[in-house]
Amino acid sequence: MANIICIVCPKGCRLTVNEATLAVTGNGCPRGAEYGKNELTHPVRVVTSTVKIEGAPIARCPVKTAGSVPKEKMADVMRALSAVCLQAPVRRGDTAAADVCGTGVDVVVTRDLPAR
């Protein structure tokens, strides 16, 4: 049995997942059951970070993956983001890195930053 705290919503349900059958208990909604199964079989996360930006009032631009990436690829995604340097102006939703690390997920800007 694996004990997991669900992070799908703010309730934070305490899930118990049977590792043999993937039966989930303790979930307050169907999304929690799905999360519990996925967490044991193929955990994924949304990555949030910052990247360098030139010509903006601040030196770093907040970004996040547009979808979830496999948990084992998170370190690779962070390394890839350390090489990204944007040029101001940028708008929320602009692509900062396409198909990051071959995951099929883009990294997008999460804040409008005008040029200086």
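## Starting from Leu-86

Let's begin with one residue and work outwards. Leaving out residues up to four places away in sequence, Leu-86 touches Val-51, Lys-52, Ile-53, Glu-54, Cys-61, Ala-96 and Val-109. Keep in mind that this is a predicted model.

Leu-86 is part of something bigger: the largest nonpolar core has 20 residues, and Leu-86, Ile-53 and Cys-61 are the ones that touch the most other members. At least two residues of this core come from each of strand S5 (48-54), strand S6 (60-65), helix H2 (74-82), strand S9 (95-97) and strand S10 (107-109). There's also a second, separate core, made of eight residues, with Ile-4, Cys-13, Leu-15 and Val-24 among them.

## Around Val-24

Val-24, one of the residues in that second core, sits in strand S3 (residues 24-25). Val-24 has a relative accessibility of 17%, and anything under 20% is called buried, so Val-24 counts as buried.

What does Val-24 touch, not counting residues up to four places away in sequence? The answer is Leu-15, Thr-16, Val-17, Gly-32, Ala-33, Gly-36 and Lys-37. For a sense of distance, try Gln-87: it is 63 residues from Val-24 along the chain, and the C-alpha atoms of the two are separated by 46 Å.

## Glu-39 in helix H1

Now look at helix H1 (residues 30-41), where you'll find Glu-39. Is Glu-39 buried or exposed? Its relative accessibility is 16%, so Glu-39 counts as buried.

Setting aside neighbours within four places in sequence, Glu-39 is in contact with Ile-4, Arg-45 and Lys-71. Ile-4 may ring a bell, as it is included in the second core.

## The whole chain

Time to zoom out. The chain has two helices and ten strands, and from the N terminus on they run β-β-β-α-β-β-β-β-α-β-β-β. With a radius of gyration of 18 Å, well over the 13 Å that the globule rule gives for 116 residues, the chain is more spread out than a compact globule. Its C-alpha atoms fill a box of roughly 55 × 25 × 15 Å along the principal axes.

Of the 116 residues, 33% count as buried. Among contacts with a separation of 6 or more, 45% are between residues 24 or more positions apart.

## Surface and charge

The accessible surface of the chain is about 6800 Å², and carbon and sulfur atoms account for 53% of that. As for charges, the chain has 15 positive and 10 negative ones, and the mean positions of the two sets are 7 Å apart.

Note on methods: Residues are numbered from 1 along each chain as its sequence is written. This is a predicted model: local features need pLDDT of at least 70, side-chain atom pairs count only at pLDDT 80 or more; totals for chains, interfaces and linings use all residues. Side-chain values use heavy atoms; hydrogens and water are left out. Helices (H or I, at least four residues) and strands (E, at least two) are DSSP runs, numbered from the N terminus. The radius of gyration is taken over C-alpha atoms; the globule rule is 2.2 Å times the number of residues to the power 0.38. Buried means under 20% relative accessible area, exposed over 50%, partly exposed in between (1.4 Å probe, protein chains only). Contact means heavy atoms within 4.5 Å. Accessible areas come from the Shrake-Rupley method with a 1.4 Å probe; for residues, only the protein chains shown count as cover. Lys and Arg count as positive and Asp and Glu as negative; His and the chain ends are not counted. The place of a charge is taken as NZ of Lys, CZ of Arg, CG of Asp or CD of Glu. A nonpolar core is a set of buried Ala, Val, Leu, Ile, Met, Phe, Trp, Tyr and Cys residues joined through side-chain atoms within 4.5 Å.
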